Amino acid sequence: PPPSLTVADRLLAGGTARAAAQCVMYPADALRTLAQTRGGAGSLRSSSLLSGAGTTSAFAYGIGALQFAVFGTVAPLAGPLAASVCGAAASCLCSVPQEVLKQRLVTGIYPSFGEAVRRIWTAQGPSGFYAGWLPTVSRNVPFVAATFTAFAALEARALRASGEERLRPSESVAIGMSSAVLAATLTQPIDVVKTRLMTQAASALPPYAGVRDCALTMLRTEGGPAAFYAGLHQRILYAGPLWALQFGLNVRLSQALLERRRAAAERAAAAERAAVERVGRLRGGSYARPLHGAARPGAAGGWRGGRRLAACSALPRPDDFASVASWEEAYAAPGQDAPADWLAEYDEMR
């Protein structure tokens, strides 16, 4: 069968693509967070745009690795929609802590990554890193499902039109951006609720009691329906390029890893063909030239010397051709007049 990407390959390509894209687009994500925070972006500082960029973006490797690995593994079995839902749910193990730390650093709740981790752990333990997990999961699953499903549909359409087997990186960038913009628009209300729950400590207003209270308060006293689309422009400016870069880099890295596997498979196949040809030449040779005490035919055409079975067991298997030279060195190849049982064993080992 032709070589394909392993789970490890998908983890490497997806994780690297997401981490690189997240680092590049971090300032845009900070703007989106500040625009969605209670009270808007009034606390904008130049330092906010890079606060926690390196440390929190490290979580992005796990997010991308899980998303692409799970999607690539499940999609052939259950289709793109089910695969994207599974990938989104799995990635929440990393994405929720990332969102908590990133948004609290951007809004100035904590001065540094280390201080944020220490204070959250001291005050709330592990559960503190999953504050607002419900709206985050409620946003991530439909967002990632919509993005990946739209990407798969647009990819299939583009491949049918071009007749190619895989997208070019430029095509994956364009399709990735279109898919992400559509998904971001559809899930924006959930994203705003999630952001406000995670960053409400930065506001002097009374805290929300939960998801329902947050949504009702926004609807009644914090801007009405329009409040649920606060920061949409910033999110589109962030999510569109983020997913364009992520899909583009993932395609390029996946193709590079696949080419390496193809090249390795071609080298192995060439070695196998050469070894099989060599064994074939041995098969067609004469056994009348025994070397180093190899077995000789007896008067009745049988074998003597007790080395026939040893010779047979020394023959190489398809994945072990290093012993061909040693076999040729120690034993004579059977000829056409060799015993039938010896020829059968020889052919079986080939």
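Helix 3 passes helix 5 in a right-handed crossing, and in this predicted model the two helices, residues 80-106 and residues 133-162, pack with their axes 8 Å apart at an angle of about 140 degrees. That angle makes helix 3 oblique to helix 5, because an angle has to be over 145 degrees to count as roughly antiparallel. Helix 1 (residues 7-36) also packs against helix 3 and has a further contact with helix 6 (residues 169-199), while confidence varies along the chain, with helix 4 and helix 9 at its two extremes.

**Helix 3 with helix 5**
- On the side of helix 3, the contact is made by P80, L81, S84, V85, A88, A89, C92, S95, V96 and E99.
- Helix 5 contributes W133, T136, V137, R139, N140, V141, V144, A145, F148, T149 and A152 to the contact with helix 3.
- Sorted by class, the residues that join helix 3 to helix 5 comprise 14 nonpolar, five polar and two charged.

**Helix 5 itself**
- The 30 residues of helix 5 should span 44 Å at 1.5 Å a residue, and the end C-alpha atoms of the helix lie 42 Å apart, which agrees with that expectation.
- After helix 5 comes G163, which has a positive phi near 75 degrees.

**Helix 1 with helix 3**
- The axes of helix 1 and helix 3 come within 10 Å and cross at roughly 65 degrees, which means that helix 1 is roughly perpendicular to helix 3.
- This crossing of helix 1 and helix 3 is right-handed, and its contact brings Q22, Y26, D29, A30, R32, T33 and L34 of helix 1 together with Q98, E99, K102, Q103 and V106 of helix 3.
- By class, the contact of helix 1 with helix 3 is made up of four nonpolar, four polar and four charged residues.

**Helix 1 with helix 6**
- Helix 1 and helix 6 cross at roughly 80 degrees, with axes that come within 9 Å, and the two helices are therefore roughly perpendicular to each other.
- R32, T33 and Q36 of helix 1 meet Q188, D191, V192, K194, T195 and R196 of helix 6, a contact that divides into one nonpolar, four polar and four charged residues.

**Confidence in the model**
- The mean pLDDT of the protein chain is 76, and 74% of the residues score at least 70.
- Among the elements of the chain, helix 4 (residues 113-124) has the highest mean pLDDT, 91, whereas helix 9 (residues 308-314) has the lowest, 41.
- Over residues 285-337 pLDDT stays under 50, although the model has 94 contacts beyond four places in sequence for these residues.
- Where pLDDT is low, the predicted coordinates should not be read in detail.

Methods
Residues numbered from 1 in each chain as written. Predicted model: local features only at pLDDT ≥ 70, side-chain atom pairs only at ≥ 80, totals over all residues. Heavy atoms only, no water. Axes fitted to C-alpha atoms, helices over the stretch in contact; angles between N-to-C directions. Helix = DSSP H or I, 4+ residues; strand = E, 2+ residues; numbered from the N terminus. Parallel < 35°, antiparallel > 145°, perpendicular 65-115°, else oblique. Left-handed = near helix turned anticlockwise from the far one by under 90°. Contact = heavy atoms within 4.5 Å. Nonpolar A, V, L, I, M, F, W, Y, C, P; charged D, E, K, R; others polar. pLDDT = per-residue confidence, 0-100. Expected span 1.5 Å × (residues − 1).
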